[in-house]
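Me: Please take a close look at one part for me: the disulfide bonding. Then work outward from there, in short steps that a first-year student can follow.

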Amino acid sequence: QVHLVESGGGLVQAGGSLRLSCVATGSFFSITYMGWYCQAPGRQRELVATITSGGSTNYSDGVKGRFTISRDNAKNTVYLQMNSLKPEDTAVYYCNAGVRTTFWRADDYWGQGTPVTVSS
């Protein structure tokens, strides 16, 4: 069984920073893509940033220049450094990963979410 466990969310003032972490636990062969999504109240879940196993990154336009995604493959962990936070960044942030549980099978996994609240 594979689990994604997020941490690092919380309450911060506008202009502040937070660093989210997500570690994949369990038994698996490898992790392909990893990423972060967010869901604000009343809105659909949307992309924040993704990173491939080779380190290629992709960001939503709203976070470019403020957020940085990175990963430590040896620790099966992905990070999201969030700087210059704005009240509109308030949301629950979810970790996502493509996990190859065997050589022949890969599945998409989600964490339970960690809330981020940015006060004005």
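Reply: The count comes to one disulfide in this predicted model. Its partners are C22 and C95. Their sulfur atoms are 2.1 Å apart, and the cut-off for a disulfide is 2.5 Å. So the pair qualifies as a disulfide.

Which hand does this disulfide have? Look at the torsion about the S-S bond of C22 and C95. The value is about -80 degrees, so the disulfide is left-handed. Now see what the bond ties together. C22 belongs to strand β3, residues 18-25. C95 belongs to strand β9, residues 91-100. The two cysteines are 73 residues apart, so the disulfide links distant parts of the chain. Are C22 and C95 buried or exposed? Both are buried.

Another cysteine needs a check. C38 takes part in no disulfide. The nearest cysteine sulfur to C38 is that of C95, and it is 14 Å away. That is beyond the 2.5 Å cut-off, so C38 and C95 do not count as a disulfide. C38 is still buried, because its relative accessible area is 10% and buried means under 20%.

Next, step out to the core. The largest nonpolar core has 31 residues. The residues with the most contacts inside this core are W36, V48, L80, M82 and Y93. Which elements give two or more residues to this core? They are β3, β4, β5, β7, β8, β9 and β11. Note that β3 and β9 are on that list; these are the strands that hold C22 and C95. The largest share of the core comes from β9, with five residues.

Now follow β9 to its partner. Three bridges join β9 to β11, and the two strands run antiparallel. In this pairing, A91 stands opposite V116. Strand β11 also pairs with β2, residues 10-13. Four bridges join β2 to β11, and these strands run parallel. Here L11 stands opposite T117.

Which side chains of β11 are buried? The side chains alternate along this strand, residues 114-119. T114, V116 and V118 point to one face and are buried. P115, T117 and S119 point to the other face and are not buried. So V116, which stands opposite A91, is on the buried face, and T117, which stands opposite L11, is on the other.

Turn to charges. A search of the whole structure finds four salt bridges. One of them joins R66 and D89, with the closest N and O atoms 2.8 Å apart. R66 is in the loop between β6 and β7. D89 is in the loop between β8 and β9. The two are 23 residues apart, and the pair links distant parts of the chain. R66 and D89 are both buried.

Other salt bridges have a different setting. K64 pairs with D61, the closest N and O atoms being 3.2 Å apart. K64 counts as partly exposed, because its relative accessibility is 49%. D61 is exposed, because its relative accessible area is 66%. R105 pairs with D107, and their closest N and O atoms are 2.8 Å apart. R105 counts as exposed at 52% relative accessibility, and the cut-off for exposed is over 50%. D107 is partly exposed, at 23%.

The surface also has a nonpolar patch. F29, F103 and W104 form it. Together they have about 470 Å² of accessible area. F29 is in the loop between β3 and β4.

Finally, check two backbone angles. N76 has a positive phi of about 55 degrees although it is not a glycine. N76 is in the loop between β7 and β8. It is partly exposed, with a relative accessible area of 25%. S84 is another residue other than glycine with a positive phi, near 50 degrees. S84 lies in the loop between β8 and β9. At 41% relative accessibility, S84 counts as partly exposed.

How values were computed:
Residues numbered from 1 in each chain as written. Predicted model: local features only at pLDDT ≥ 70, side-chain atom pairs only at ≥ 80, totals over all residues. Heavy atoms only, no water. Buried < 20%, exposed > 50% of the residue type's maximum accessible area, 1.4 Å probe, protein only. Pairing = 2+ DSSP bridges. Patch = residues over 30% accessible without salt bridge, like charges linked within 9 Å, V, L, I, M, F, W, Y side chains within 5 Å. Areas by Shrake-Rupley, 256 points an atom, 1.4 Å probe, with all protein chains shown as cover. Salt bridge = Lys/Arg side-chain N within 4 Å of Asp/Glu carboxyl O. Core = buried A, V, L, I, M, F, W, Y, C linked by side-chain atoms within 4.5 Å.
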